[in-house]
Amino acid sequence: MPDLSEPVLEELRHLFTARALSGETMVLNMGPQHPSTHGVLRLIVELDGETVIRAIPDIGFLHTGIEKNMESKTYIKALVMTDRLDYLNNIGNNLVYCLAIEKLMETKVPERANVLRVLMAELQRIASHLVWLGTHSIDLAAMSMLLYCFRERDYIMDIFEMVSGQRMMTTYIRPGGVWRDVPAGFTEVVENFINYLPAKLDDYERLLTNNPIFKQRTQGVGYISAEDAVKWNLAGPSLRGSGVNFDVRKAMPYSGYEQYEFDVPLETGGDVYARYRCRMREFRESLKICRQALDKLKTTKGPFITNDRKVAPPPRSELGTSMEALIHHFKLWTEGFTPPKGEVYAATESPRGELGVYLVSDGTPKPARVHFRQPSFANLQPLNYMSENHLVADLVAIIGSVDIVLGDIDR
């Protein structure tokens with residue numbers, strides 16, 4: 001070991017074992033790099049040969065200051081920044097932020113808007129899980145899976161572009177509803193995708209679920225018990241893979257989720273394989289919700305956004321005939337709306353677990369405080385605990401099974 005100052009040595013003693021300080025084990029830098037660390041995550045790893053003794057996450061390389069930037073903008077202008085948090089759950093981020101605003105302003109969302117929100121959020125969940133499956137599989141050397149998964153995800157990106165004009169940063173969900181109603185041909189395109197994907201999921205499971213190499217790489221690896229998963233505050237499939245039955249859509253329904261029939265997949269293995277099985281079952285449950293939402297959409301008529309002019313701009317059709325509508329449109333987009341003083345917390349079930357936003361209003365057009373409860377941050381916490389005494393290759397599998405997004409962690 002080189003000569004180090006006492007504060008540095010004290011920090012090393014806190015993070016690593018005495019064997020590392022004596023040179024008996026190695027302390028190496030892993031990341032930040034794709035694909036193994038799934039983004040700009042740096043791990044400081046203590047190794048005894050190939051065996052992991054410690055794996056300390058070092059985060060902050062993607063820190064954007066989004067929360068503070070949102071506090072310097074009006075509520076509606078800050079909305080575009082939510083797309084950039086968990087960049088695989090853009091619509092889900094829009095949704096939770098809008099739910100908080102609507103809770104603060106006591107805004108009622110039309111039924112058709114709620115149906116569209118649920119449908120788009122579940123399509124987003126499927127798209128996110130496809131990225132997880134492809135990248136997790138290539139981590140374990142199943143290279144063709146990445147190409148297959150991104151092929152299917154592209155169909156969903158086409159749907160997003162169809163309704164919003166953007167493939168990723170859609171900002172489709174707005175306070176009081178959605179940006180606009182769906183165009184002609186939307187239901188047919190979504191229906192075709194819903195009918196297309198199940199056979200592909202069957203193919204994926206034939207490739208992986210009983211594959212002896214895949215099972216050897218995942219079963220018994222990265223184990224965390226139900227009790228420890230709760231203690232570590234895990235969420236989503238990382239929590240349900242240990243047998244803990246908690247899903248925000250069931251526990252605290254929002255946007256009308258209580259009207260939909262679906263199951264919450266649970267696995268009791270608590271390892272990488274259990275988390276894989278949990279997400280594969282979630283694909284099918286999301287498709288089930290999409291089918292029901294599509295049926296509701298065909299029969300649910302009415303507005304796609306609230307008619308409360310304190311929150312929503314007037315229809316474009318009025319701008320050419322009404323001076324009051326034009327003035328209101330201008331004032332809303334330049335000055336923004338002003339919620340009453342107060343604080344709220346809203347939560348949704350993102351592809352990675354409970355996604356919450358804490359919003360404080362001081363009675364001005366800009367939020368006094370915006371803070372997100374991001375599931376990836378919570379799910380990364382027990383990485384050292386789950387990887388202890390595993391091999392370096394197992395560490396890569398564990399990171400993939402947690403399905404972190406660094407924009408979700410660093411903010």
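**Exercise 1. Determine which residue of β7 stands opposite Ala 347, and place this pair in its sheet.**

Solution. Ala 347 stands opposite Gly 356 in β7. The model is a predicted one, in which local features need pLDDT of at least 70, side-chain atom pairs count only at pLDDT 80 or more, and totals for chains, interfaces and linings use all residues. Residues are numbered from 1 along each chain as its sequence is written, and side-chain values use heavy atoms, with hydrogens and water left out.

Step 1. Identify the elements. Strands (E, at least two residues) and helices (H or I, at least four) are DSSP runs, numbered from the N terminus. The strands concerned are β6 (342–350) and β7 (residues 353–361).

Step 2. Establish the pairing. Two strands pair if DSSP finds at least two bridges between them. Nine bridges link β6 and β7 in the antiparallel sense, and the two strands form a hairpin with two residues between them.

Step 3. Follow β7 to its other partner. Five bridges join β7 to β8, again antiparallel. Gly 356 has Arg 373 of β8 as its bridge partner, while Val 357 is bridged to Phe 372 of β8.

Step 4. Assemble the sheet. The three strands form an open sheet in the order β6-β7-β8, with antiparallel pairing. The edge strands are β6 and β8 (369–373), each pairing on one side only. From one strand to the next, the twist averages 15°.

Step 5. Assess the cover. Eight of the nine residues of β7 are buried, and the strand is mostly covered; buried denotes under 20% relative accessible area, exposed over 50%, and partly exposed in between (1.4 Å probe, protein chains only).

**Exercise 2. Describe the open sheet with the order β1-β2-β3, and explain what is left at its edges.**

Solution. Step 1. Pair β1 with β2. Strand β1 (residues 26–30) and β2 are antiparallel over five bridges. Leu 28 has Val 45 as its bridge partner in β2.

Step 2. Pair β2 with β3. Seven bridges join β2 to strand β3 (residues 51–58), and these strands run antiparallel. Within β3, Pro 57 is the bridge partner of Leu 43, and Asp 58 is that of Arg 42. The two strands form a hairpin with two residues between them, and Gly 49 in the turn has a positive phi of about 70°.

Step 3. Examine the edges. The three strands make an open sheet with antiparallel pairing. At its edges stand β1 and β3; each has a single partner strand, so one side of each lacks a neighbour in the sheet. The twist averages 25° from one strand to the next.

Step 4. Consider the surroundings. Because five of the seven residues of β2 (residues 42–48) are buried, this strand is largely enclosed by the rest of the structure. Helix α18 (residues 392–402) lies across β1, β2 and β3, running at about 150° to β2. Such angles run from 0 to 180 degrees between N-to-C directions, with axes fitted to C-alpha atoms, for helices over the stretch in contact; contact means heavy atoms within 4.5 Å.

**Exercise 3. State whether Leu 207 is buried or partly exposed, and locate it.**

Solution. Step 1. Leu 207 lies in helix α8 (residues 186–208).

Step 2. With a relative accessible area of 39%, Leu 207 is partly exposed.
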